[in-house]
Amino acid sequence: MAGASVAQLVRASQQGDRDAFGQLYERFAAYVHAILLARLPPQEAPDLVQDIFLSAFQRLRSLREPAAFAGWIAAIARNRAIDFFRHPAMAVSDDSADPPAETVAPDVRLDAARALQAIRELPDAYRETLVLRLVEGLTGPEIAALTGLTPDSVRVNLHRGFKLLRERLGIAT
Amino acid sequence: MTTSTRDDDSNSYLWDRSGEVDPAVADFERAFGPLAYRPAERPLALPAPPVLPPRRWPIITALAAGLVLVTAASLFYWRLQWPAGQAWRMAVATESGARTDTLAVGQSLKLDANSTASVDIARLGTMSVQPGAEVTLRTTGSRRHQLRLDRGAVHIRVWAPPQRIFVATPAGNIIDLGCTFTLAVDDSGTARLTVQTGWVQMENVHGESLVPAGASSVMTADRSPLVPLYDDASPEFQRAVRAFETRVADANVSAELAAIRRDARGRDMLTLLMLAVRERDTVRASLLEHAATLSPPPRTLSGNPAAFDSNAIWEWRGSLPLPPPKAWWRNWADVFPGR
């Protein structure tokens with residue numbers, strides 16, 4: 001189903017097409033990861049992404065409007081992030097943990113952790129957009145297409161959020 | 001991190017990575033790059049689809065239903081079978097006690113005023129013989145069983161396809177159509193029939209009459225069986241109908257006719273039409289005219305109902321809301337004793 005729309009992939013998945021759901025995963029995994037990364041310790045996010053998609057696969061029949069998949073999966077991810085902090089055993093995770101050591105150069109490790117923490121302290125509207133751009137590597141138009149936001153909104157969120165981020169980190173313009 | 005950057009909306013590198021590389025953005029990209037989620041490196045491990053157990057219930061249900069059908073058909077076939085000439089079983093209760101016995105072909109059962117008998121009609125049903133009755137078993141067999149009732153009363157319950165039981169009387173024959181009925185023959189040889197379920201046919205050399213459940217009729221040897229009369233019809237209506245039917249030729253029946261027209265109900269349409277089909281001219285016209293006011297003829301019949309011929313009357317009768325005479329299976333409850 002290469003080139004299929006999100007709605008087509010959702011409908012096929014609802015009929016049990018596992019390959020179609022695999023394509024949904026490939027398209028939306030970064031979005032879900034960004035939502036989690038904007039709220040949780042980074043080492044917790046990857047496993048939660050898998051859990052969220054597995055849960056979504058089992059609940060997909062409850063999604064009545066296939067085209068609304070992006071908002072639906074995003075809501076699941078945000079709720080899961082909230083649940084993370086409600087669960088005492090999970091919430092003790094070290095929030096300042098470094099990014100995976102084997103893939104991050106020592107000279108940037110501290111900066112990345114600080115910067116990510118700074119992003120998580122930004123207003124909601126900026127956090128996910130900045131993570132999608134700076135962490136997941138998506139462009140503004142790609143973010144707009146993925147999230148359903150208008151390109152103008154994404155552009156405003158990106159520039160204002162980035163300005164605030166620099167200010168929080170004390171990075172001069 | 002590099003500190004040089006642009007913070008206005010013209011930063012196209014921040015927007016879509018076009019134009020001149022913004023060093024500050026590039027610094028963040030390098031720092032965050034290892035955190036990016038790459039689905040290809042983390043394939044989603046969907047749980048294997050559940051292996052559903054084979055759906056056996058439909059097969060079991062079908063097999064059970066088939067077994068039930070085959071068993072029921074076998075039982076029904078067995079129920080109809082009876083070796084030709086084989087005697088019936090019966091239980092006779094007399095003043096001196098009860099005894100079981102058989103009623104052989106050619107044998108007569110004569111009961112005194114204090115005795116009764118319960119006779120198994122092969123496997124098709126039962127016959128309750130009332131005190132003072134005289135019954136003779138004439139033939140038995142899978143296709144037909146024949147009796148003769150010379151006097152007294154019997155109550156017969158049969159659940160089987162039509163025309164398995166024939167009862168001869170001095171007035172004519174009674175033929176079951178899958179039913180429960182009571183038949184009495186008096187000393188003059190008159191047969192009186194009351195039907196509880198199904199239909200019963202009365203016939204003699206003069207004609208025939210089909211009697212439905214809830215109705216009665218009378219048969220004498222000198223005339224056609226009388227028309228069926230529902231037992232819940234008014235006594236005046238019943239008296240008028242019987243007097244009308246049994247009048248001597250050319251007698252003035254205007255009073256009876258008037259009573260029939262006055263007291264007939266919608267349920268008495270069968271009686272009215274069966275009377276009318278046996279009459280002619282003005283009497284038939286009068287009966288039909290009144291019948292049309294109780295239950296109009298079907299649309300397939302046109303013209304003045306008072307002028308209908310016999311064929312039209314039979315068609316009208318066929319349109320009445322009565323159970324089909326040969327739908328014997330509808331009286332399935334007759335298979336159980338106590339009816």
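**Notebook: aromatic cluster, strands and interface**

I began with A:Phe53, which is buried, with a relative accessible area of 0%. I note at once that the structure is a predicted model, and I read every entry below with that in mind.

**Entry 1. Confidence**

I looked up the scores before going further. The model has an ipTM of 0.83 and a pTM of 0.56. For chain B, I noted an average pLDDT of 90, with 92% of the residues scoring at least 70.

**Entry 2. Overall make-up of chain A**

I went through the elements of chain A and recorded 9 helices and 0 strands. Read from the N terminus, the order is α-α-α-α-α-α-α-α-α. Of its 173 residues, 52% count as buried. I also checked how the contacts are spread along the chain. Among contacts in chain A with a separation of 6 or more, 61% come from residues 24 or more positions apart.

**Entry 3. Aromatic rings**

I then asked how many aromatic pairs there are over all chains. The count is 11. I described each pair that I inspected in two numbers, because a pair of aromatic rings is described by the distance of the centres and the angle of the planes.

The rings of A:Phe21 and A:Phe57 have centres 4.9 Å apart and planes at 55°, so I entered this pair as tilted. This pair links distant parts of the chain, with A:Phe21 in helix H2 (residues 18-37) and A:Phe57 in helix H3 (residues 45-59), 36 residues apart. A:Phe21 is buried at 0% relative accessibility. A:Phe57 has a relative accessible area of 18% and is also buried, because the cut-off for that class is under 20%.

I next took A:Tyr25 and A:Phe53, whose ring centres are 5.1 Å apart; their planes stand at 85°, so the pair is edge-to-face. Here too distant parts of the chain are linked: A:Tyr25 belongs to helix H2 and A:Phe53 to helix H3, 28 residues apart. I found A:Tyr25 buried, at 2% relative accessible area.

Which residues form one aromatic cluster with A:Phe53? I listed A:Phe21, A:Tyr25, A:Phe57 and B:Tyr37 as its partners in the cluster.

**Entry 4. Charges over rings**

I looked up two cases of an arginine over a ring. The charged end of A:Arg155 sits over the ring of B:Trp15, 4.3 Å from the ring centre. Within chain B, the charged end of B:Arg247 sits over the ring of B:Phe244, 4.5 Å from the centre.

**Entry 5. Strand E5 of chain B and its partners**

I followed the side chains along E5(B). As background, in a regular strand the side chains alternate between the two faces of the sheet. In E5(B), I saw B:Gly125, B:Met127 and B:Val129 pointing to one face and buried, while B:Thr126 and B:Ser128 point to the other face and are not buried.

Which strands pair with E5(B) in the antiparallel sense? I recorded E4(B), over 5 bridges, and E7(B), over 5 bridges. On the E4(B) side, B:Ile121 stands opposite B:Gly125. On the E7(B) side, B:Ile156 stands opposite B:Met127.

**Entry 6. Positive phi in chain B**

I checked two residues other than glycine that have a positive phi. B:Ala122 has a phi near 50° and lies in the loop between strand E4 (116-121) and strand E5 (125-129). The hairpin of E4(B) and E5(B) has 3 residues between the strands. Is B:Ala122 buried or exposed? I entered B:Ala122 as buried, because its relative accessible area is 4%.

B:Gln163 has a phi of about 65°. I placed this residue in the loop between strand E7 (145-158) and strand E8 (165-169) of chain B. B:Gln163 is partly exposed, because its relative accessible area is 32%.

**Entry 7. Interface of chain A and chain B**

I closed with the interface. For context, the size of an interface is often given as the accessible area lost when the parts come together. Chain A and chain B bury about 3700 Å² between them, and 69% of this lies on carbon and sulfur atoms. On the chain A side, I found that A:Arg18, A:Arg133 and A:His159 lose the most area to chain B, together 17% of what that side buries. The contact takes 48 residues from chain A and 33 residues from chain B.

Terms used:
Residues are numbered from 1 along each chain as its sequence is written. Chains are lettered from A and ligands numbered from 1 in the order in which they are written. This is a predicted model: local features need pLDDT of at least 70, side-chain atom pairs count only at pLDDT 80 or more; totals for chains, interfaces and linings use all residues. Side-chain values use heavy atoms; hydrogens and water are left out. Helices (H or I, at least four residues) and strands (E, at least two) are DSSP runs, numbered from the N terminus. Buried means under 20% relative accessible area, exposed over 50%, partly exposed in between (1.4 Å probe, protein chains only). Rings of Phe, Tyr and Trp (its six-membered ring) pair if their centres lie within 6.5 Å; planes under 30 degrees apart count as stacked, over 60 as edge-to-face and the rest as tilted. A charge sits over a ring if NZ of Lys or CZ of Arg is within 6 Å of the ring centre and within 35 degrees of the ring normal. Two strands pair if DSSP finds at least two bridges between them. pLDDT is the predictor's confidence in each residue, from 0 to 100. Contact means heavy atoms within 4.5 Å. Buried area is the accessible area (1.4 Å probe) that two parts lose on being put together, summed over both.
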